[in-house]
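Grab a pencil and work through these exercises with the structure open beside you. Try each task before you read its solution.

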Amino acid sequence: MTRKKFDLIVFDWDGTLMDSTATIVTCIQAAAKDLGLPVPGNKQAAYVIGLGLHEAMQTVLPGLDAKQYPHMVERYRFHYLTKDKGLTLFDGVHEMLADLSQQGYFLAVATGKSRVGLNRALDAANLLSLFDATRCADETFSKPHPAMLQELTRELGQDMSRTVMIGDTTHDLQMAVNAGASGIAVHYGAHAAPELQELNPIYAASSVSELHAWLNENA
């Protein structure tokens with residue numbers, strides 16, 4: 001039997017496993033509107049998906065008084081909590097994760113979500129039992145700092161050279177580069193394909209089914 005190329009597969013959450021990009025953009029815009037601040041465009045708002053929430057607000061609305069950012073975070077959370085029950089996984093995610101787990105891969109999540117937010121999402125999606133470890137932005141440095149991948153490999157006793165990070169944003173792929181892991185892009189999330197390709201992912205998938213098939217053949 002051919003030795004696998006990777007032992008640990010790390011997934012981003014929003015825009016990679018969960019179909020949440022449009023909802024996050026809408027909630028960022030609604031938070032800014034609530035506070036009478038400039039409302040970012042769709043591309044601006046989508047760019048910050050994957051960052052920790054405080055970093056995201058500072059990036060999407062730079063130059064505000066520092067006291068404004070906690071209010072933006074609070075209003076964002078308010079709007080997101082009214083919508084997150086309607087969010088769903090992309091088609092094929094549960095089957096892909098169950099298959100990879102059964103094949104003996106270690107599976108993990110590295111996300112800009114908070115710990116409370118990720119646990120709620122994992123529970124709602126019935127995925128808690130499929131991941132060996134998870135790391136959130138309120139527990140360590142935000143992407144693209146390599147800390148999440150460094151901590152996950154350390155926790156699971158894995159080698160970074162045999163770890164792959166899968167995500168829909170340049171923040172995910174830059175984190176992989178910074179950590180010395182491989183990166184796979186998905187083209188159905190927050191960032192445009194040309195931006196992702198600049199970071200030289202080893203593969204780019206246009207759907208979960210494509211990603212699943214590639215991992216079965218090549219990972």
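**Exercise 1. Explore the surroundings of D12.**
Task: Which residues does D12 touch, not counting residues up to four places away in sequence?

Step 1. Look around D12 and you'll find L17, A110, T111, K143, M165, I166, G167, D168 and D172 in contact, leaving out residues up to four places away in sequence. Contact here means heavy atoms within 4.5 Å.

Step 2. Now place D12 in the chain: it sits in the loop between β1 and α1. Helices (H or I, at least four residues) and strands (E, at least two) are DSSP runs, numbered from the N terminus.

Step 3. Take T111 from that list: D12 and T111 are 99 residues apart in sequence, yet 5.3 Å apart in space, C-alpha to C-alpha.

Step 4. Is D12 buried or exposed? D12 is buried, as its relative accessible area is 2%. Buried means under 20% relative accessible area, exposed over 50%, and partly exposed in between (1.4 Å probe, protein chains only).

A quick note on what you're looking at: this is a predicted model, where local features need pLDDT of at least 70 and side-chain atom pairs count only at pLDDT 80 or more, while totals for chains, interfaces and linings use all residues. Residues are numbered from 1 along each chain as its sequence is written, and side-chain values use heavy atoms, with hydrogens and water left out.

**Exercise 2. Put the sheet in order.**
Task: What is the order of the 6 strands in the open sheet?

Step 1. Read across the sheet: β3-β2-β1-β4-β5-β6, with parallel pairing. Two strands pair if DSSP finds at least two bridges between them.

Step 2. Find the edges, which are β3 and β6 (203-205), since each pairs on one side only.

Step 3. Check the twist: ignoring direction, neighbouring strands are turned by 20 degrees against each other on average. Axes are lines fitted to C-alpha atoms (for helices over the stretch in contact), and angles run from 0 to 180 degrees between N-to-C directions.

Step 4. Go through some pairs. β1 and β2 are parallel and share 4 bridges, with F11 partnered by V109 in β2. Strand β2 (residues 106-111) also runs parallel to β3, again with 4 bridges. There, V109 faces T134 and A110 faces R135. At the other end, 3 bridges link β5 (residues 182-186) to β6 in parallel, and A185 stands opposite A204.

Step 5. Ask how enclosed β2 is: 5 of its 6 residues are buried, so β2 is largely enclosed by the rest of the structure.

**Exercise 3. Follow the side chains and the crossover.**
Task: Which residues of strand β3 (residues 133-136) point one way, and which the other way?

Step 1. A133 and R135 point one way, T134 and C136 the other, and all are buried.

Step 2. Trace the chain from β2 through helix α6 (residues 115-124) to β3, and you get a right-handed β-α-β crossover. Right-handed means that, with the strands pointing away from you, the path from the first strand over the helix to the second runs clockwise.

Step 3. See where α6 rests: it lies across β2 and β3, at about 140 degrees to β3.

**Exercise 4. Describe two helix pairs.**
Task: At what angle do helix α3 (residues 53-60) and helix α4 (residues 68-81) pack?

Step 1. Two packed helices are described by the angle between their axes and the distance between the axes.

Step 2. For α3 and α4, the angle is about 110 degrees and the axes are 9 Å apart. That makes α3 roughly perpendicular to α4. The cut-offs are under 35 degrees for roughly parallel, over 145 for roughly antiparallel, 65 to 115 for roughly perpendicular, and oblique for the rest.

Step 3. List the contact residues: L53, H54, M57 and Q58 of α3 meet Y69, M72, V73, Y76 and R77 of α4.

Step 4. Repeat with helix α1 (residues 21-34), whose axis comes within 8 Å of that of α4, crossing at roughly 130 degrees. So α1 is oblique to α4.

**Exercise 5. Spot the unusual backbone.**
Task: Where does N126 lie?

Step 1. N126 is in the loop between α6 and β3. N126 has a positive phi of about 60 degrees, although it is not a glycine.

Step 2. Finish with the peptide bond between K143 and P144, which is cis, with omega about 5 degrees.
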